[in-house]
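Here is a short report on one chain. Look over the sequence and the model first, then read on.

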Amino acid sequence: DNARMVLNVCFNYGGRWDIAQAAARLAARGEPITEAALGRAMALAHVPDPDLEHGIRLHLASSLLALRDTSRAAEHIAAVEVFAAERGADELAEGARVLRVALQGQRGDAAEAAGALRDQVRILAAGGAPAGVIARARLALAARLAEAGDVKGGRAEISDAIALLEPLADAAGLAWAYEGLGVLEGLDGEPLHALALLERSLSLAATAKDDRRTALAQRQAGRV
């Protein structure tokens with residue numbers, strides 16, 4: 001609940017110094033110098049290791065799903081699921097869960113995936129999840145609804161997502177939303193409106209410096 005914070009102030013701290021002093025401390029106590037023992041003896045032993053790997057894995061999985069590379073996306077999602085379960089990392093678990101459902105949709109069961117994502121949206125909303133997280137779950141749901149043939153339902157979910165994202169000025173999320181609307185308008189046979197929405201997506205992606213979303217919007221515009 002973000003009620004407490006630990007502030008570490010490091011003056012002239014060096015990683016090699018810390019390893020050396022930890023090894024000396026263990027040697028003085030007659031303890032074997034192992035990786036685990038060094039970790040416990042170091043000055044920053046109370047600070048958990050930063051987890052950059054699994055956040056990157058989620059981004060990779062999302063990009064691979066956009067490229068329809070379900071095999072490699074599944075590998076990254078599974079790795080995050082295992083790590084989140086071991087460490088109790090709820091935020092990573094939620095991200096992996098949304099991508100897992102999207103993966104199931106790409107593997108041919110869009111209707112079932114849409115139902116699971118709809119349940120996930122309800123759970124996130126009931127649990128007081130951040131608006132940006134709920135909005136992205138709605139955008140994932142919209143894509144699955146469209147794959148299942150429910151264009152109207154997909155459009156409604158995107159509209160709800162935009163209503164959540166606009167107060168946050170979330171350019172990256174809005175770029176995704178307007179790209180989705182552009183795709184749906186293209187499916188409905190409205191190419192001019194679709195192109196206008198995709199141009200809006202490109203502008204927002206540029207604001208967010210989101211090269212991946214820019215490339216996706218450009219590809220969809222080319223299809224329209």
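## Asp170 and its contacts

Leaving out residues up to four places away in sequence, Asp170 touches Arg136 and Leu165. Contact here means heavy atoms within 4.5 Å. The side chains of Asp170 and Arg136 are also joined by a polar contact of 2.9 Å. A polar contact is a pair of N or O atoms within 3.5 Å; within protein, one must be able to donate a hydrogen and the other to accept it, and residues adjacent in sequence count only if both atoms are side-chain atoms.

Asp170 lies in the loop between helix 8 (151-165) and helix 9 (171-187). Is Asp170 buried or exposed? Its relative accessibility is 16%, so Asp170 counts as buried. Buried means under 20% relative accessible area, exposed over 50%, and partly exposed in between (1.4 Å probe, protein chains only).

## Basis of the model

This is a predicted model: local features need pLDDT of at least 70, side-chain atom pairs count only at pLDDT 80 or more, and totals for chains, interfaces and linings use all residues. Residues are numbered from 1 along each chain as its sequence is written, and side-chain values use heavy atoms, with hydrogens and water left out.

## The chain as a whole

The chain has 11 helices and zero strands. Helices (H or I, at least four residues) and strands (E, at least two) are DSSP runs, numbered from the N terminus. Of the chain's 224 residues, 36% count as buried. Among contacts with a separation of 6 or more, 52% come from residues 24 or more positions apart.

## Helix 1 and helix 3

The table sets out the length check for two helices. The expected span is 1.5 Å times one less than the number of residues.

| Helix | Residues | Expected span | C-alpha end to end |
|---|---|---|---|
| Helix 1 | 15-28 (14 residues) | 20 Å | 20 Å |
| Helix 3 | 53-66 (14 residues) | 20 Å | 20 Å |

In helix 1 the expected span and the distance between the end C-alpha atoms agree. Helix 3 also shows agreement.

Start with helix 1. Asp18, Gln21, Ala22 and Leu26 are its buried residues. They cover an arc of only 135° around the axis, so they sit on the same side of helix 1. The arc is that of the directions from the helix axis to the C-beta atoms. The buried residues of helix 1 pack against helix 2 (35-41). On the other side of helix 1, Arg16, Trp17, Ala27 and Ala28 are exposed. Gly30 follows helix 1 and has a positive phi, near 70°.

Now helix 3. Which residues of helix 3 are buried? They are His54, Leu58, Ala61, Leu64 and Leu65. Seen down the axis, these buried residues fall within an arc of 130°, so they line one face of helix 3. Ile56 and His59 are exposed on the other side of helix 3.

## Ala66

Ala66 belongs to helix 3. Its relative accessibility is 28%, so Ala66 counts as partly exposed. Setting aside neighbours within four places in sequence, Ala66 is in contact with Gln106, Arg212, Leu216 and Arg219. Ala66 and Arg213 are 147 residues apart in sequence, yet 9.7 Å apart in space, C-alpha to C-alpha.

## A charge over a ring

The charged end of Arg200 sits over the ring of Tyr178, 5.5 Å from the ring centre. The criterion is NZ of Lys or CZ of Arg within 6 Å of the ring centre and within 35 degrees of the ring normal.
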